[in-house]
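These are my notebook entries on a single protein chain. I set out to look up its charge pairs, one buried helix and the overall fold.

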Amino acid sequence: MKRHRPALIAVGSVLIGLLALWLQDVIVPYTTPFWGLFDNQLDLDVYLSGARTVLDGNSLYDAKLLGQMDYTYAPISILLFTPFTWISFEAARIVWSVGIVVALYLVIMLSFKSLGRTATWPLRVIALSLVAVALLLEPVRTTVWYGQINVFLMLLIVADLTRGEGARLRGVGTGIAAGIKLTPLIFVLYLAVLRQWRSMAGVLIGFFGTMIVGFAVLPRESWAYWTGTMFDSDRVGAPQTVGNQSIRGWLANLLHSDDPNILLWGFLAAGALALGMYAATLAHRHGQELLAVTVVGMTACAISPMSWGHHWVWFVPLAVIGLHLLATPGRGVVVYALTAAGLISMLLIAFSWRTYLAYPIWFVNRTVPDAYLIGLFFKHGIEWLEWFTVYPYNAIFLGTVIATIVVLRSGDDSATTVAAAPSETPQSVQGPLAGE
C-alpha cells in the first residue's frame with residue numbers, strides 16, 4: 001500500500017478536481033450567456049479600452065471607458081495591456097483566462113515549496129486539482145469571470161517574498177506589483193516591522209522604478225495619476241456597494257451610507273492593521289513566511305477603502321496551508337479537528353454561493369435578462385445575520401489572525417508548519433502529500 005500510495009493520492013486528487021469542475025457547472029452552467037465562467041471578462045475589456053485610449057492619444061483618467069467605467073490602475077499597467085490590443089478580444093480573453101489558471105497553479109506550487117514540500121509528480125497532480133477547487137471560491141471565480149489581475153499580482157508577491165531574506169533582488173517583484181496596484185505597498189510596513197531593510201529597499205526600488213518608467217513613457221497620464229487620481233478611492237466604486245469586502249464597505253452597507261464615519265472606520269482599520277501585522281510578525285518569527293505573507297495580503301484587503309470580493313484571492317495560499325497542516329503527521333486529534341474545522345469554514349464562507357434573479361437587471365453597463373449573482377454577501381434573507389453576510393470575509397480574516405496569534409503565542413509549533421529559520425530553505429516534509 002505504501003508503494004502505491006502516491007498513485008492512489010493522485011487518482012483521488014483527479015476525482016476531486018473533476019467533481020469541482022462539475023460543481024462549477026452546477027452553480028452556473030459554463031454555457032450560460034454572460035454569466036458563464038468564461039463569458040464576461042468586463043474588467044479585461046476595461047483594461048484594453050484604457051490601453052486603446054492612450055494609443056489614440058486621449059486622456060486615460062478622464063475617459064469613460066465602455067461608456068461609464070473609470071481606469072483605476074497606475075499608468076505602468078498600460079504597457080502590460082497594450083500587447084493584448086493587437087489581437088481580438090475573444091483571443092485576449094482566452095489567453096488571459098489561461099494565464100489566470102496557470103498563475104493559480106504556480107501560486108499553489110510555490111506555496112507547497114515554501115512549506116517544505118518537494119515538487120513530486122503526485123504533488124503536481126494535487127496542485128492541478130486544487131486549481132479546480134479554488135475556482136469554486138468566489139474571489140477566484142469572479143477573478144476569472146471579470147478577467148481581473150489580482151492572481152497575477154499575488155503570484156509576483158508570493159514568488160518574491162517567500163524566498164529567503166538574503167535572496168537576490170528580494171522585494172523588487174512586490175514593488176512592481178505595488179506600482180501596478182497600490183495595495184501591495186503594505187508589505188513595506190511589514191518588512192519595516194521585521195527590520196528587513198534590504199528587502200524593504202527592494203520593494204521601494206521596484207515601486208519607484210515603475211513610476212520612473214511610467215513618467216518616461218506616459219508623462220501626462222503619470223502626472224495625472226500620481227498627483228490626484230490615486231487619492232480618489234471612489235473611482236473604484238461607491239463604498240455602499242454589495243461586494244465591497246473592506247471594513248469601510250462593511251460600515252457603509254450596515255449603516256446604508258456612502259459616507260460612513262471616518263473616525264470609526266479609522267479606528268477599526270487601525271485595529272485590523274495592528275492585529276494583522278502582529279500575527280504576520282509572529283508567523284515570520286516561527287519560520288512561517290507563507291502564512292505571514294498571506295496574512296499581510298488579507299490585511300491589505302481589510303483596511304483598503306474599497307476591496308471587491310475578487311481582491312481576496314489570498315484564500316488560495318491559506319487553503320494550501322490548511323491542507324498542509326492536515327497532511328503532516330505527528331499532531332494531536334484536537335489540532336487536526338480544529339484545522340479541519342477552520343479550513344472547511346473558510347471554504348464554505350468563500351464558496352461561490354449563487355443567488356438567481358429571474359428578471360432583468362442593470363449590471364454595470366448593460367441590461368441582462370436574468371442574473372446569477374455570486375457570493376455569500378448577496379444573501380439577505382436573515383436580517384439579524386446581515387452584519388455577517390454583508391462582510392463574510394471579515395470572519396476569515398479575524399479567524400486566521402486570531403488563530404495564528406493564539407497558536408504561536410502558546411509556543412506550540414506542532415500546530416503550524418515545519419519550523420525553519422526565515423533565511424533558510426525549508427526542510428523537506430514527509431507525509432501523504434510528499435509522494436514518499
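**Entry 1: a charge pair across the chain.** I began with aspartate 39 and arginine 93, whose side chains meet in a salt bridge with an N to O distance of 3.4 Å. The pair links distant parts of the chain, the partners lying 54 residues apart. I located aspartate 39 in the loop between helix H1 (5-27) and helix H2 (42-55), and arginine 93 in helix H4 (residues 89-114). I note that the model is a predicted one.

I then looked up how far each partner is covered. Aspartate 39 has 29% relative accessibility and counts as partly exposed, because that value lies between the limits of 20% and 50%. Arginine 93, at 10% relative accessibility, counts as buried, because it falls under 20%. I also checked for further partners: Asp39 and Arg93 are linked with Glu90 in a network of salt bridges.

**Entry 2: the other charge pairs.** How many salt bridges does the count come to? I recorded six salt bridges. As background, side chains of opposite charge can pair when their charged atoms come close.

One of the bridges joins lysine 64 to aspartate 70, with 2.8 Å between the closest N and O atoms. I found aspartate 70 to be partly exposed, with a relative accessible area of 22%.

Another is formed by the side chains of glutamate 221 and arginine 220, at 3.4 Å from N to O. Is glutamate 221 buried or exposed? Its relative accessible area is 6%, so I entered glutamate 221 as buried. Arginine 220 has 47% relative accessibility and is therefore listed as partly exposed.

For the charges as a whole, I noted 25 positive and 24 negative ones in the protein. The mean positions of the two sets are 11 Å apart.

**Entry 3: helix H8.** I turned next to helix H8, which comprises residues 172-180. Seven of its nine residues are buried, so H8 is largely enclosed by the rest of the structure. I listed the buried residues as Gly173, Thr174, Gly175, Ala177, Ala178, Gly179 and Ile180.

Which helices cover the buried residues of H8? The cover includes helix H3 (77-81), helix H7 (150-161), helix H9 (186-193), helix H10 (197-217) and helix H11 (219-227).

I chose threonine 174 in this helix for a closer look. Its relative accessible area is 0%, so threonine 174 is buried. Leaving aside residues up to four places away in sequence, I found that threonine 174 touches Ile157, Asp160, Leu161, Pro184, Phe187 and Val203.

**Entry 4: the overall fold.** I closed with the whole protein, which contains 18 helices and four strands. Its C-alpha trace spans about 65 × 50 × 45 Å along the principal axes. The radius of gyration is 21 Å, which agrees with the value near 22 Å that a compact globule of 436 residues would have.

Of the 436 residues, I noted that 54% count as buried. The accessible surface comes to about 18,900 Å², and 68% of that belongs to carbon and sulfur atoms. Lastly, I looked at contacts between residues at least 6 apart in sequence: 69% of these join residues at least 24 apart.

Notes. Residues numbered from 1 in each chain as written. Predicted model: local features only at pLDDT ≥ 70, side-chain atom pairs only at ≥ 80, totals over all residues. Heavy atoms only, no water. Helix = DSSP H or I, 4+ residues; strand = E, 2+ residues; numbered from the N terminus. Rg over C-alpha atoms; globule rule 2.2 N^0.38 Å. Buried < 20%, exposed > 50% of the residue type's maximum accessible area, 1.4 Å probe, protein only. Contact = heavy atoms within 4.5 Å. Areas by Shrake-Rupley, 256 points an atom, 1.4 Å probe, with all protein chains shown as cover. Lys, Arg positive; Asp, Glu negative; His and termini not counted. Charge placed at Lys NZ, Arg CZ, Asp CG, Glu CD. Salt bridge = Lys/Arg side-chain N within 4 Å of Asp/Glu carboxyl O.
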